[in-house]
Amino acid sequence: SSAFAMATSTYVPETDLEKKVLAVIADYRKNNGTEKKLKPLAIFTKIQLGFPKFRKGFNSVRSLFDSSTKGKTMTVKEFEGALLKAGVKIEKKDAELVFEGLDVDKNKELSFKEFLVYIAIGHLSQTFSSFKEVEKSKEAFEAALKLFMAFDKSSIGVVSTSEMLVLLKGIGGGEDPKGELAKSRMSELDPNGDGYVTFIEFLHAFEGWVGVDDDEADAGEETEVLEVSLARPSISTEKKKLPMHKRKSSSVHFNK
């Protein structure tokens, strides 16, 4: 583990938001954290039981997103407007810096899932006063952080891809001795390929595991039912047309 700690200790946050997140994780660990002592599989199995409830909580934030945008993505200006609606006072320059940190795919727009990451970070860091949407989703936010902390055995606030691969291999129960299938998960957890999994990237992936869809608001449209398995080289997707009330969260597991 010392080798992993040395590798992750060289990590330099790319954005001000990432710096903030590292501080949030350190503070949360100090006050609540024992997760690094627990096995990721045990925590994941427990948290997975709450996925349907987490998905419902995450989607409670959708009304704030939809009422602040003219389309399916959010601009910087719309982001600032959404924060005002949530009672968050922030300078324009600071809002732009936060926006940059949230924009995982770097297309200068925020999807619902990217916006949801900010609501999570805002709650975990107590950046803004709680409102009803946060109250409904805070359990899901905290579950995602606890799971991430279980993976973060070095207590650095990020997880190197090499460490994540070892942990995923362990969760796989020996089905992937060469780690080839575990590597396929990294495109999801480390989309920019910099060798580290940040909490922002992890939370974005976690939302997908729970079953959150950027286009979920369009009732009746096709949605992807995801099944994430370590024993498969990629996320298997099956598109089904489901009414809103019948849509289910992802079945996420790391072995068959």
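In this predicted model, helix α12 runs over residues 199-210, and its 12 residues reach 16 Å from the first C-alpha to the last, close to the 16 Å expected at 1.5 Å a residue. Just after α12 comes G211, whose phi is positive, near 115°.

How is α12 placed relative to the rest of the structure? Of its 12 residues, 11 are buried, so α12 is largely enclosed by the rest of the structure. Here, buried means under 20% relative accessible area. The buried residues begin with the run F199, I200, E201, F202 and L203, and they also include A205, F206, E207, G208, W209 and V210.

Some of these residues meet an internal space. The count comes to 1 cavity of 30 Å³ or more, and about 50 Å³ of space lies in the largest cavity. Its lining is made by Y11, E18, V21, L22, G157, V158, T198, F199 and I200. Two elements, α2 (16-32) and α12, each give two or more residues to this lining. Of the contributors, α2 gives the most, with 3 residues. By residue type, the lining divides into 6 nonpolar, 2 polar and 1 charged.

The record adds another view of the chain. In an unreviewed UniProt entry, the annotation "domain: EF-hand" covers residues 90-125 and 177-212. Over residues 90-125, the chain is 67% helix and 0% strand, and the end C-alpha atoms lie 15 Å apart. As for the stretch 177-212 of the annotation, helix α12, at residues 199-210, belongs to this part of the chain.

Conventions
Residues numbered from 1 in each chain as written. Predicted model: local features only at pLDDT ≥ 70, side-chain atom pairs only at ≥ 80, totals over all residues. Heavy atoms only, no water. UniProt positions renumbered as here; feature names shortened; annotations may be inferred. Helix = DSSP H or I, 4+ residues; strand = E, 2+ residues; numbered from the N terminus. Expected span 1.5 Å × (residues − 1). Buried < 20%, exposed > 50% of the residue type's maximum accessible area, 1.4 Å probe, protein only. 1 Å grid on protein atoms, 1.4 Å probe; cavity = no way out; pocket = protein on both sides within 12 Å on 5 of 7 lines; lining within 4 Å. Points joined across faces, edges and corners; volume = space filled by probe spheres on them. Nonpolar A, V, L, I, M, F, W, Y, C, P; charged D, E, K, R; others polar.
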